[in-house]
Amino acid sequence: MLSQKNVESVTGIPARVFLDTIRGPGFPLPVTRLGKLRLVQREAFVAYLQALAGDPASRRDAEVDERTRVAALLASAGLESVLCPRTDRASAPPAGTSRARLPPK
C-alpha cells in the first residue's frame, strides 16, 4: 500500500502531489482512509501513473469522456454548459467600457 508517508520513497512523487492526485475528480482507484492517512494499492497506482505518462491520446479520450459526463449531468438538471471566449487576459472589461486613466499630477 502507498500512503502520503511513503509515496516519495517508492515513486519519487512528493506527498502533496500524491494527495492532490488522489483527491482530484475522476481518480479511478479506491482510496482507503485511516484517520488522516490515505492509502492506495501500490501496483495499481504505479500502473495508473504509467498510463498517464504513456499515451497522450488516452488522456485526451479521458478528457472528452469527462466533458461528456459533465454535459450529461448538466442536461439531467435542465442546464447546459456555456463556452466562454479566451481573452488571454486575467479579466476583460465589460463591453462598451474604456480603460480608466489617472488624472495628471
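**View 1. Arg-16 and Asp-20 both belong to helix H2, which spans residues 15–23.** In this predicted model, the two residues are four apart in sequence, about one turn of the helix. Arg-16 forms a salt bridge with Asp-20, and their closest N and O atoms are 3.5 Å apart. A search of the whole structure finds one salt bridge. Arg-16 counts as partly exposed because its relative accessibility, 49%, lies between the limits of 20% and 50%, and Asp-20, at 44% relative accessibility, likewise counts as partly exposed.

**View 2. The buried residues of helix H2 are Phe-18, Leu-19 and Ile-22.** Seen down the axis of H2, these buried residues fall within an arc of 95 degrees, so they line one face of the helix. The buried residues of H2 pack against H1, E2 and helix H3, the last of these covering residues 42–54.

**View 3. The largest nonpolar core has 10 residues.** Its members are Leu-2, Val-7, Ile-13, Phe-18, Leu-19, Ile-22, Phe-27, Leu-29, Val-40 and Phe-45. The largest share of this core comes from H2, which supplies three residues. In soluble globular proteins, nonpolar side chains tend to be buried together.

**View 4. Leu-2, one of the residues of the largest nonpolar core, is shown with its contacts.** When its neighbours within four places in sequence are left aside, Leu-2 is in contact with Val-7, Val-10, Thr-11, Phe-18, Arg-38, Leu-39, Val-40, Arg-42 and Phe-45. Among these contacts of Leu-2, Val-7, Phe-18, Val-40 and Phe-45 are also listed as members of the core.

**View 5. Ser-3 lies in the segment before helix H1, a helix that covers residues 7–11.** Ser-3 is buried because its relative accessible area, 5%, is under the limit of 20%. With neighbours within four places in sequence left aside, Ser-3 is in contact with Phe-18, Leu-37, Arg-38 and Leu-39. Of these partners of Ser-3, Phe-18 is one of the buried residues of H2, while Leu-37, Arg-38 and Leu-39 fall in strand E2, residues 37–39.

**View 6. Strand E2 and helix H4 are shown for the predictor's confidence.** Among the elements of the chain, strand E2 (residues 37–39) has the highest mean pLDDT, 95, whereas helix H4 (residues 56–76) has the lowest, 74. For the chain, the mean pLDDT is 81, and 73% of its residues reach 70 or more.

Definitions and conventions. Residues are numbered from 1 along each chain as its sequence is written. This is a predicted model: local features need pLDDT of at least 70, side-chain atom pairs count only at pLDDT 80 or more; totals for chains, interfaces and linings use all residues. Side-chain values use heavy atoms; hydrogens and water are left out. A salt bridge is a side-chain nitrogen of Lys or Arg within 4 Å of a carboxyl oxygen of Asp or Glu. Buried means under 20% relative accessible area, exposed over 50%, partly exposed in between (1.4 Å probe, protein chains only). pLDDT is the predictor's confidence in each residue, from 0 to 100. Contact means heavy atoms within 4.5 Å. A nonpolar core is a set of buried Ala, Val, Leu, Ile, Met, Phe, Trp, Tyr and Cys residues joined through side-chain atoms within 4.5 Å. The arc is that of the directions from the helix axis to the C-beta atoms.
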